[in-house]
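Reader: I would like a close look at one part of this model, starting from which side chains are hidden and which are not. Once that part is clear, please carry on to the neighbouring pieces of the chain and to the metal site.

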Amino acid sequence: MLKITTDLHTHTVASGHAYSTVDEMAKGAFVKGIKLIAITDHGPALPGGPHMYHFGNISILPERLYGVRLIKGIEANILDQGQLDLDNEYLSFLDFVAAGLHSLTGHNLKNKEDYTAAVIAAMKNPYLDMITHPVQREYPIDLEAVAKAAAKHNIILELNASSYSPKKSHYRGIKSESIKLLKLAIEYDVKIAVNSDAHFQADIGEYSSLNFVLDSQDFAEELIINRSETSVLNYLKKRNKKLAKLKKTV
Ligand SMILES: [Zn+2]
Ligand SMILES: [Zn+2]
């Protein structure tokens, strides 16, 4: 089985309902043999989420902690008309911009059509890199339309391990839909990221809950954008992120 050595979706105490600091997350990654993590705390619209200055100041964090490369990012909230809850000026400070649909963020999206349209509209934001948990019971979307748009705008779609974590009180995911998502990614050549969505250090790099989908199809390793530190850095370089330091070391 493919060994995935990075994690592009993790939360720290700054998210308000996660339980480890940046330092602890880096230690947790080191212990698991994970070489790179993206710190993607929730956007300001989520109750308990950080103020926009959190994202404006995040460049003070070191490039590496305990040998683990830190990618400074956000999991922004997709709002009405696909707007994100952080201005592009602030998004431009970040190495990696993920976004997803979440409750209690003030959006007025009501049905599958609305959710699909908002996700596709969000993909037009030039700073967006990845849609988080595109498969979730609460927000059903037209996966084929989203996969086509992801191919067009070069956006990563996520397989989210926490959606199937046995530790959670309820599954957010739908197994048949995650399998469909992987099939569509293969068909339309859309990049996939396999991420933990860890809200605690011990959950970083925990992907076993996704074996049902990863074992369901044959696909080239290259489909998984976060299979290695090098594949992530090459991706970011191609996206023309303002990563002068990264560029030197790719
Ligand atoms: Zn999320
Ligand atoms: Zn998350």
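Author: A residue is called buried here when its relative accessible area is under 20%, exposed when it is over 50%, and partly exposed in between. The model is predicted, not experimental.

The part to look at is helix 1, which covers residues 22-32. Its buried residues are Val 22, Met 25, Ala 26, Gly 28 and Ala 29. Looking down the axis of helix 1, these buried residues fall within an arc of 160°, so they line one face of the helix. On the other side of helix 1, Phe 30 and Val 31 are exposed.

What lies over the buried face? The cover on the buried residues of helix 1 includes strand 1 (6-10), strand 2 (36-42), strand 3 (64-65) and strand 4. Directly after helix 1 comes Gly 33, with a positive phi near 80°.

The UniProt record, an unreviewed entry, annotates residues 6-80 as "domain: Polymerase/histidinol phosphatase N-terminal". In the model, the span 6-80 is 21% helix and 32% strand, and its end C-alpha atoms lie 31 Å apart.

One residue in the loop between strand 3 and strand 4 deserves a note: Tyr 66 is found there. Its phi is near 55°, a positive value in a residue other than glycine. At a relative accessible area of 38%, Tyr 66 is partly exposed, because it lies between the limits of 20% and 50%.

Strand 4 leads to the metal site. Which protein residues hold the zinc ion (ligand 1)? The donors are Glu 75 through OE, His 102 through NE2 and His 133 through NE2, at 2.1 to 2.2 Å from the ion. Along the sequence these donor residues follow the spacing E-x26-H-x30-H. A second zinc ion (ligand 2) lies 3.3 Å from the zinc ion (ligand 1), and Glu 75 coordinates both. The pair Glu 75 and His 133 links distant parts of the chain, 58 residues apart: Glu 75 is in strand 4 (residues 68-77), while His 133 is in the loop between strand 6 (130-131) and helix 5 (143-153).

Are these two donors buried or exposed? Glu 75 has 0% relative accessibility and so counts as buried. His 133, with a relative accessible area of 2%, is buried as well.

The loop between strand 6 and helix 5 also holds Tyr 139. Tyr 139 counts as buried because its relative accessibility is 5%. Setting aside neighbours within four places in sequence, its contacts are Leu 101, His 102, Ser 103, His 107, Tyr 115 and Pro 134. One of these contacts, His 102, is a donor of the zinc ion (ligand 1). Tyr 139 and Lys 112 are 27 residues apart along the chain, with their C-alpha atoms separated by 6.9 Å.

From this loop the chain goes on to helix 5. Two packed helices are described by the angle between their axes and the distance between the axes. For helix 4 (residues 112-122) and helix 5, the angle is about 5° and the axes are 10 Å apart. Helix 4 is therefore roughly parallel to helix 5. Thr 116, Val 119 and Ile 120 of helix 4 make the contact with Ala 145, Val 146 and Ala 149 of helix 5.

Val 146, in helix 5, has 0% relative accessibility and therefore counts as buried. Leaving out residues up to four places away in sequence, Val 146 touches Thr 116, Val 119, Ile 120, Met 123, Ile 141 and Leu 157. Where does that place Val 146 with respect to Ala 26? Val 146 and Ala 26 are 120 residues apart in sequence, and their C-alpha atoms are 32 Å apart in space.

In the loop between helix 5 and strand 7 (156-160) lies Asn 154. Its phi is positive, near 60°, in a residue other than glycine. Asn 154 is partly exposed, with a relative accessible area of 42%.

One further helix can be set beside helix 1. In helix 8 (residues 229-238), the residues Glu 229, Ser 231, Val 232, Leu 233, Tyr 235 and Leu 236 are buried. Just after helix 8, Asn 240 has a positive phi of about 60°, while helix 1 is followed by Gly 33 with its positive phi near 80°.

Notes
Residues are numbered from 1 along each chain as its sequence is written. Chains are lettered from A and ligands numbered from 1 in the order in which they are written. This is a predicted model: local features need pLDDT of at least 70, side-chain atom pairs count only at pLDDT 80 or more; totals for chains, interfaces and linings use all residues. Side-chain values use heavy atoms; hydrogens and water are left out. Donors are N, O and S atoms within 2.8 Å of the metal (3.2 Å for Na, K and Ca); water is not among the atoms, so sites may look incomplete. Helices (H or I, at least four residues) and strands (E, at least two) are DSSP runs, numbered from the N terminus. Buried means under 20% relative accessible area, exposed over 50%, partly exposed in between (1.4 Å probe, protein chains only). UniProt positions are given in the numbering used here, feature names are shortened, and annotations may be inferred rather than shown by experiment. The arc is that of the directions from the helix axis to the C-beta atoms. Contact means heavy atoms within 4.5 Å. Axes are lines fitted to C-alpha atoms, for helices over the stretch in contact, and angles run from 0 to 180 degrees between N-to-C directions. Angles under 35 degrees count as roughly parallel, over 145 as roughly antiparallel, 65 to 115 as roughly perpendicular and the rest as oblique.
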